Amino acid sequence: MKSEEILRLVDTIHRSKEIEKEVVFQGIEAALLSAVRKKLGETETATVIIDRETGETTVTEDGKQIDAEDLGRLAAMSGKQVLFQKIREAERDRIFEEYEDKTGQLVSGVVQRYEGPNLIVSLGRVEGFLPRSEQAPGERFRVGERIKALVKDLQKSTSRVKITLSRTDKELVSQLFALEIPEVQDNVIEIKVIAREAGYRTKVAVTTYDTNVDCVGACVGVRGSRIKNIVDELFGEKIDIVRWNESIEVLIIQALKPAEISSMDLDYDEQKAQIYVKPDQQSLAIGKRGQNVRLASKLTEWELEIKPITDEELEQMRKEDPDDLPDSLAESEETAEAEAPEAEETAAEPETEEVAEGETAESEAEEVAEEEAAEPEAEEAAEEEAAEPEAE
């Protein structure tokens, strides 16, 4: 190979594969050295040096210079195989270094093909592997569709890098929040804890140290625009945004919303809590298939047990222990309201929409049932009022 051809080859590989020129020069030298050994047999005295400026190649064996063109066809073919292998290894190392820094971060790609239930995603110059176990229930992607996923793991094999992606990791939600909510990206709002059951429901506890920012309202957005984008990306997965509080009592109250808590008994040593709710709030507190209480337990890192309680039983508890939680519960809620920024008042509308995104339809069904039950009573009252003048 002539010196001009060598320089042109090095430049082409450098541009197309984004591999350093020095690595390509070393690969060509290794390929020529392999060709020399193929021609002359195994020898420790053979050397190959390529001038980095001119491309001139010098091949010596036992101090004697050899013309590279005299190596023969088989030796040249063997040298090409070594060169291609070196290039693949260099490209693999470059990709590994690039995506090693992206582990735990969000990447965007295009669905390229299916391999059984697994997805192969094109990330540009490399493919990502999304196994079925890392796909959330209910998610369906078409070939050619864009997809966002989390880089979960990297493995370096002989000639390539295997990039494992995930759509079920809770860090995916955190990355989507940072993408859609500038305050999270700028660390004005901090995500404290995420509890997730992929494909079904997620609870996110947020806080802020800026008194002028309403962390919940900012995450929800105007008319729920910000949280809606995240929900759409997760194929309708319900998201509850919880205001973080250092007080475990207040945090439990927030985590179990939309249910209203009547009382609770806390065991700080075992980190267990018995939560008392009225019978009509029990299904809301537990949630569909136990999701609400299960996610609240993950969020608070406390074991929560939901128990129904009547008004009579609650009043009896207050008499037996006046210092029990019903009084402190109100104090905790007042403290939480006092600590919240004034912006909460203006964010009432988005917060209402956020609850609607994260809740089941049970509360709405209860309101409808109450309205239907009230209608006959209103009609009877109207008939009685109409009848009174006639009786007189």
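1. Start with the first two helices of this predicted model. Helix α1 covers residues 3–17 and helix α2 covers residues 21–40, and they pack at an angle of about 130° with their axes 9 Å apart. That angle makes α1 oblique to α2. An angle has to be over 145 degrees to count as roughly antiparallel, so about 130° doesn't get there. The crossing of α1 and α2 is right-handed.

2. Next, look at who touches whom in that pair. From α1 come I6, L7, L9, V10, D11, I13 and H14, and they meet K21, V24, F25 and I28 of α2. Sorted by class, this contact has 8 nonpolar residues, 1 polar and 2 charged. While you're looking at helices, here's a handy rule: an α-helix has 3.6 residues a turn, so residues three or four places apart point the same way. Try holding that next to the α1 list, which includes I6, V10 and I13.

3. Now find α4, residues 170–180, and pick out S174 in it. Is S174 buried or exposed? It's buried, because its relative accessible area is 17% and the cut-off for buried is under 20%. Leaving aside residues up to four places away in sequence, S174 touches I191 and I194.

4. Helix α4 also has a partner helix, α7. Their axes come within 10 Å and cross at roughly 140°, and α4 and α7 are therefore oblique to each other. The crossing of α4 and α7 is right-handed. On the α4 side the contact uses L176, F177 and E180, while α7 supplies R226, I227, N229, I230 and E233. By class, those residues divide into 4 nonpolar, 1 polar and 3 charged.

5. How many aromatic pairs are there? The count comes to 2. Take F141 and F235: their ring centres are 5.3 Å apart and their planes sit at 85°, so the pair is edge-to-face. This pair links distant parts of the chain, with the two positions 94 residues apart. F141 lies in the loop between β6 (127–130) and β7 (146–156), and F235 lies in the loop between α7 (225–233) and β11 (238–243). The two partners have different labels for exposure: F141 is buried, at 7% relative accessible area, whereas F235 is partly exposed, at 38%.

6. Then there's Y268 with W302, an edge-to-face aromatic pair with 5.5 Å centre to centre and 90° between the planes. This pair also links distant parts of the chain, with its residues 34 apart. You'll find Y268 in the loop between β12 (263–267) and β13 (272–277), and W302 in the loop between α10 (291–300) and β14 (303–308). Y268 is partly exposed, with a relative accessible area of 49%. W302 counts as buried, at 7% relative accessibility.

7. Last stop: helix α8, residues 248–255. Why call α8 largely enclosed by the rest of the structure? Because 8 of its 8 residues are buried. They are I248, E249, V250, L251, I252, I253, Q254 and A255. Notice that E249 and Q254 are in that buried list too, although Glu counts as charged and Gln falls among the polar residues.

Notes
Residues are numbered from 1 along each chain as its sequence is written. This is a predicted model: local features need pLDDT of at least 70, side-chain atom pairs count only at pLDDT 80 or more; totals for chains, interfaces and linings use all residues. Side-chain values use heavy atoms; hydrogens and water are left out. Axes are lines fitted to C-alpha atoms, for helices over the stretch in contact, and angles run from 0 to 180 degrees between N-to-C directions. Helices (H or I, at least four residues) and strands (E, at least two) are DSSP runs, numbered from the N terminus. Angles under 35 degrees count as roughly parallel, over 145 as roughly antiparallel, 65 to 115 as roughly perpendicular and the rest as oblique. A crossing is left-handed if the near helix is turned anticlockwise from the far one by less than a right angle, and right-handed if clockwise. Contact means heavy atoms within 4.5 Å. Buried means under 20% relative accessible area, exposed over 50%, partly exposed in between (1.4 Å probe, protein chains only). Rings of Phe, Tyr and Trp (its six-membered ring) pair if their centres lie within 6.5 Å; planes under 30 degrees apart count as stacked, over 60 as edge-to-face and the rest as tilted.
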